[in-house]
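Biologist: Could you walk me through the helix packing and the sheets in this one? I'd like to hear the reasoning behind each label.

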Amino acid sequence: MAYFVESFWGERNNGFDVLYHNMKHGHLSTKDLADFIRERATIEEAYSRSMTKLAKSASNYTQLGTFAPVWDVFKTSTEKLASCHLDLVRRLQELIKEVHKYGDEQIKAYKKTKEDVSGTLEAVQNIQSITQALQKSKENYNAKCVEHERLKKEGATQREVDKAAIKSKKATDTYKLYVEKYAAFKSDFEQKMTETAQKFQDIEETHLLRMKEIIESLSNTIKEVHLQIGEVHEEFIINMTNTTVESLIQKFAESKGTGKERPGPIEFEECNTSSAVEGIKPRKRKPFGLSGIMKKEKDTESVECPDADSVNIPDVDDEGYSIKPEATHDSKENHFYSSSDSDSEDDEPRRFHVEIKPVQPNNSSQYTVPSLDELKVSIGNITLSPAISRHSPAQMNQNLSSEELTKSKLSAPTNEKANSDLLAWDPLFSSSLESSSSASLASSSSSARPTTPLSIGTIVPPPRPASRPKLSTGKLSGINEIPRPFSPPLTSNSSPPPAAPLARAESISSISSSASLSAANTPTVGVSGGPSPVSLGNQDTLPVAVALTESVNAYFKGADPTKCIVKITGDMTVSFPSGIIKVFTSNPSPAVLCFRMKNTSKLEQILPNAQLVYSDQSQSDSTTKDFWMNMQAITFYLKKLSEQNPSASYYNVDVLKYQVSSNGIQSTPLNLATYWKCNASTTDVRVDYKYNPESMNMPSMLSNVQVVVPVDGGVTNMQSLPPAKWNADQMKAYWKISSISEKSENGGSGSLRAKFDVSEGPSKPATLAVQFISEGSTLSGVDVELVGTGYRLSLLKKRFATGRYMADC
């Protein structure tokens with residue numbers, strides 16, 4: 001098996017150089033193997049973490065119902081799987097250390113080998129130099145001999161013939177000398193080269209055996225872990241087999257059972273009328289209400305004339321107060337204005353003085369207690385604008401309880417004067433109210449959008465838009481105990497939803513009050529904010545722009561369409577004008593920005609920005625998806641962007657990302673096929689392309705098309721059609737096509753051809769890259785529209801471009 005000894009000679013004697021560099025490549029292969037194992041360990045570690053996270057999420061699933069114990073089986077099995085993959089990570093890391101140790105040993109062995117083969121390197125240099133000198137002396141010898149014979153034949157002078165003969169004899173001696181030297185150097189070179197070639201072969205054999213041992217250790221490690229994974233799966237199957245339907249029913253009955261005693265029989269009992277009419281003390285429950293109204297109702301009840309047959313007439317003292325009979329038990333003393341809810345106040349001794357007075361006129365000096373109906377009407381028609389929040393974002397993460405919301409409604413001012421007083425504290429209105437005394441308050445639209453009332457320093461999940469279908473009460477039963485994150489709060493059907501405040505703009509602002517005049521007949525209060533992109537005119541909506549950008553990644557393998565790999569992703573960006581920040585900050589409860597994505601049937605996955613956007617996961621329509629924004633979070637984010645770049649005219653916010661389902665080469669807008677023909681002196685490259693309008697929802701033009709083809713082998717000249725540019729530094733050829741569409745020549749189909757002259761061929765076929773962009777359309781056909789009021793879509797921009805768009809032969 002003398003492979004290296006017989007195969008690395010040749011005319012130029014380059015075998016030693018090839019074998020020496022091959023030895024150095026062995027260390028590179030060791031390093032690459034370590035990187036490969038490390039990448040595998042990283043993948044296994046990420047998978048283990050994901051499995052651990054999945055196991056934790058299994059315990060967060062609903063523990064209601066008979067299926068609840070099954071989650072424990074899932075959790076245990078998933079944790080064991082995560083442990084198996086984590087054990088594989090540990091073993092792979094130990095194997096990586098072993099590979100690194102072998103790499104260090106290689107470096108030491110290479111240094112020793114370099115010293116051992118230094119004599120061979122000297123012999124190679126000698127044989128190469130003597131070979132060149134011998135070739136030159138031979139050429140000189142032949143030239144001098146030919147010159148001497150030519151002078152003889154032409155009859156030149158004897159002096160010239162003798163001179164040529166001397167030169168010919170001298171060239172002959174030099175040539176013979178180099179032949180003798182070459183024979184000596186050749187013998188030394190062959191001996192040393194034979195020994196060195198065998199040494200290099202021994203080194204490579206040792207290297208390959210060690211590498212195979214490492215790979216065998218890797219495969220055995222993976223095999224052992226997979227056997228453990230198989231045992232975990234078998235255990236899972238056994239546990240699920242043992243978890244029978246009967247055992248689940250039994251566990252539920254034992255843990256959630258309400259008792260085994262059934263209701264007993266009840267017999268009819270006749271009424272005893274004699275005991276019912278004796279010793280019955282009339283008692284009425286104290287109604288809940290305001291103290292003034294309570295007093296008035298009690299006074300009204302005291303002057304009513306009851307039936308003499310049903311109630312005994314109480315005794316009256318000298319001043320006209322009725323005397324209540326003494327109670328048999330001790331009673332606590334309560335103040336007349338006590339707020340106690342107990343019924344003991346009716347049992348305490350209390351005197352009533354009856355006096356009928358005429359109705360007094362309503363003036364500023366005297367106050368008339370309104371009736372209960374009047375108060376209800378007055379309170380129901382007033383809507384207060386919430387106060388401006390001055391708290392930090394950390395304090396805005398607490399939700400109001402229902403008790404606090406009720407208290408805030410009852411404690412809010414109910415007269416119109418209180419509303420006008422609030423304007424003095426609003427910086428948007430203080431200057432305008434001083435200059436425009438005739439301006440009044442604008443009426444808000446109470447049906448704009450249901451929203452949760454906010455107080456200072458609070459934040460709640462945004463509401464569900466009014467256009468969204470609501471679940472019936474029956475569907476909501478049973479899931480109220482488990483709050484769903486990012487879902488709008490449930491509102492009781494008995495009370496109408498509170499009105500959302502009118503969205504404010506920087507140039508036109510208003511405060512809502514149903515008690516004031518209608519918005520149609522009332523001029524709005526204007527505040528000049530200087531130059532700003534927000535320009536609403538007489539409209540009451542804020543402009544926002546939306547951009548849909550998709551990236552198509554593709555890999556073409558030769559001309560086989562089945563080997564094409566495609567991945568299409570997209571993202572949605574919402575652009576807010578800089579002036580809208582002042583509108584949001586001046587109103588702590590702006591109108592909720594809701595949008596709907598249409599034509600989503602081609603989307604495999606949608607990932608909204610969890611910090612800024614909410615979505616309803618229960619939507620069943622596969623063609624549309626509804627989303628709404630966390631306005632408090634978006635306000636804080638825009639303020640942060642404004643502080644970082646205060647001179648910007650607009651700010652972009654990444655709202656969501658999505659992935660589009662692909663169907664191989666049919667989903668690529670530009671089909672590619674490459675052909676290479678590599679020879680020792682030339683390299684031919686052909687790139688066929690074809691415009692594919694079926695991949696787009698609406699066929700659009702591909703502009704700024706660039707094709708980059710790397711070619712190695714020492715390119716000295718390039719001929720191309722159509723003309724391309726050659727970059728010698730990067731060793732790449734560039735084609736630029738202004739646009740490709742159905743209206744292009746041959747319907748958007750064509751070929752790029754190039755022929756390269758190479759000095760160090762043959763070239764190796766490389767992977768080419770393509771770039772292009774298309775405006776006004778997307779590959780998925782997704783569309784966006786705003787839902788509800790308060791905002792308008794000023795611009796919707798669609799585009800798609802290439803990501804990693806490559807082709808190989």
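Modeller: Sure, starting with the term we need: an axis is a line fitted to C-alpha atoms, for helices over the stretch in contact, and the angle between N-to-C directions runs from 0 to 180 degrees. Keep in mind that this is a predicted model.

Biologist: What makes α4 roughly antiparallel to α5?

Modeller: The two axes come within 7 Å and cross at roughly 160°. Angles over 145 degrees count as roughly antiparallel, so α4 and α5 get that label. As for the hand, the crossing of α4 past α5 is left-handed.

Biologist: How do you know that the span of helix α4 agrees with its number of residues?

Modeller: Helix α4 covers residues 118–154, which is 37 residues. The expected span is 1.5 Å times one less than that number, so it should be 54 Å, and the end C-alpha atoms are indeed 54 Å apart. Right after α4 comes Gly 155, with a positive phi near 75°.

Biologist: Which residues of α4 are called buried, and what covers them?

Modeller: Buried takes under 20% relative accessible area. In α4 the residues that qualify are Thr 120, Ala 123, Val 124, Ile 127, Ile 130, Ala 133, Leu 134, Ser 137, His 148 and Leu 151. Their cover includes α2 (15–60) and α5 (158–242).

Biologist: Now the strands. Why is β14 called largely enclosed?

Modeller: Of the 9 residues in β14 (residues 702–710), 7 are buried, so the rest of the structure largely encloses this strand.

Biologist: What makes β14 a partner of β17 and of β19?

Modeller: Pairing needs at least two bridges. β14 has 8 with β17 (residues 732–740), running antiparallel, and 4 with β19 (residues 768–775), also antiparallel. So both count as pairs under that cut-off of two. For landmarks, Gln 706 has Lys 736 of β17 as its bridge partner, while Ser 703 sits opposite Ile 773 in β19.

Biologist: Why are β9 and β20 said to stand at the edges?

Modeller: Their sheet is open, with 4 strands in the order β9-β10-β7-β20 and antiparallel pairing. β9 (613–615) and β20 (783–787) each have a single partner strand, so one side of each has no neighbour in the sheet. On average, neighbouring strands here are turned by 30° against each other, direction ignored.

Biologist: And how do you know that β7 and β10 pair up?

Modeller: Same test, a minimum of two bridges: β7 (residues 594–598) and β10 (residues 624–629) are joined by 5, antiparallel. One of the contacts to look up is Met 597, whose bridge partner in β10 is Lys 625.

Key. Residues numbered from 1 in each chain as written. Predicted model: local features only at pLDDT ≥ 70, side-chain atom pairs only at ≥ 80, totals over all residues. Heavy atoms only, no water. Helix = DSSP H or I, 4+ residues; strand = E, 2+ residues; numbered from the N terminus. Buried < 20%, exposed > 50% of the residue type's maximum accessible area, 1.4 Å probe, protein only. Contact = heavy atoms within 4.5 Å. Parallel < 35°, antiparallel > 145°, perpendicular 65-115°, else oblique. Left-handed = near helix turned anticlockwise from the far one by under 90°.
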